[in-house]
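Work through the exercises below with the sequence and the model open. Each solution goes step by step.

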Amino acid sequence: MTELKGVWTVRFRVRQTVTASQTSDKAALEHSVHRRPCYETKPCSLILNVQSVVKPSGLHLKLALKLQDFGKAMFKPMRQERHEETPENFFYFVDFQRHNAEIAAFHLDRVLDFRRVPPVTGRFINVTGEILYLTHNEELRSVFFTSPANNTCFFAKCLYVCKSEYAVCGHPDLLEGSMSAYLPGLSIAPRISIPNPWIRTYSFTGTEEWEVNPLYCDNVKKLYPYNSGNRLLNIIDMVIFDFLTGNMDRHHYEVFTKFGDDGFLLHLDNARGFGRPSHDEVSILAPLTQCCMIKRSTLFRLKLLAQSEYRLSDVMRASLSRDPLTPVLTEDHLQALDRRLGQVLRTVGKCVKKLGEPQVVITDFAESSRVTTGNR
Ligand SMILES: Nc1ncnc2c1ncn2[C@@H]1O[C@H](COP(=O)(O)OP(=O)(O)OP(=O)(O)O)[C@@H](O)[C@H]1O
Ligand SMILES: [Mn+2]
């Protein structure tokens, strides 16, 4: 975890890793996939302490772990087997959080050369040795129990649905989960959470304006901060990312305030992706379909990953094979990535046909400064 933390610190300092996604192809792609964070080469740091139970909202039990090297990580326990699909009658906001989706999203983020997801690794935790015996959190200790199958389990104390039926259990002590490196604290690196303009309704019946108004993007384009700079292009990157993973739960995004309006968007919380490999949720792409614009660098990378030599599913399979919890995704999910990538490219193609390439494929500010400075 030390280097994992280091990777993030460096990334934070330089704002975004400046890799040549536009100028070279194979080299840049291989660089982003084969650069190996620490956890791929040596065991992760020991857990020192469980600092807190993060937002113990029953089903979403998460733990904040303090590591031996003073790093911090958020642990999301495994809730669903890899082959299990989200039932079709489930609303996205009651779907499980999937630890493997968090891991896969981090790898996809690197493969796309976005670098907007904090490092995530899979990890087995010994719930007795590494949580129960280490935590100073009395409340957490009090919710540990041994199940009838003799496994060690715990659940979260909270107002709703926090009963032992919703507990997470080791086998008998080992529990799979994702470890996400914590961002620098808010006092060092303040960030704000901003509602997604294409937010979904979080009720059973409501409809949002973007779902019924095909000209919705024209309204967004007039509004600060979407009326200048790269913000809208960044939103479109984000929805392409979410469409590939199938994540419908992007209600907010976060940005570091120090970089002003041009700061990149953080893609935190990807745990609701990879739920239904047989289904492509095209509504996630609404900002792309409605605004008909995309960064040149993103389109370049997507086209590269559609070539048989660098097929997205192959690159992802290779990248994920180094995670301690490999295989992270089933083959069905990997194949879905290729299919969805094709859909994104077809959507862009339709826009280009309708409006012409200059209006659709945009050289963004960051990209043009990369090219002019030759910075890599
Ligand atoms: N790696 C991280 N470092 C620091 N803070 C993080 C990190 N990941 C997530 N967070 C913060 O913790 C909050 C909750 O995490 P997350 O969204 O992943 O879990 P959740 O169970 O879906 O919770 P919520 O229902 O609040 O969205 C996020 O909105 C974000 O502000
Ligand atoms: Mn969330």
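Two exercises follow, one on a single residue and one on a sheet.

The model is predicted: local features need pLDDT of at least 70, side-chain atom pairs count only at pLDDT 80 or more, and totals for chains, interfaces and linings use all residues. Residues are numbered from 1 along each chain as its sequence is written, and chains are lettered from A and ligands numbered from 1 in the order in which they are written.

**Exercise 1.** Locate Arg250 and decide whether Arg250 is buried or exposed.

Solution.
- Step 1: Arg250 sits in the loop that runs between helix H8 (231-245) and strand E10 (252-256). Helices (H or I, at least four residues) and strands (E, at least two) are DSSP runs, numbered from the N terminus.
- Step 2: Apply the cut-offs: buried means 20 or more other C-beta atoms within 10 Å of the residue's own, exposed 12 or fewer, partly exposed in between, with C-beta atoms placed from the backbone.
- Step 3: Arg250 is buried because 24 C-beta neighbours lie inside 10 Å.
- Step 4: Leaving out residues up to four places away in sequence, Arg250 touches Asn196, Met238 and Asp242; contact means C-beta atoms, placed from the backbone, within 7 Å.

**Exercise 2.** Give the strand order of the open sheet that contains E10, and find its edges.

Solution.
- Step 1: The order is E9-E10-E11, with antiparallel pairing. Strands pair if DSSP finds at least two bridges between them.
- Step 2: Five bridges join E9 to E10, and Ile194 stands opposite Tyr253 in E10.
- Step 3: E9 (191-195) and E11 (265-266) each have a single partner strand, so they are the edges, and one side of each has no neighbour in the sheet.

Key
Two residues are in contact if their C-beta atoms, placed from the backbone, lie within 7 Å.
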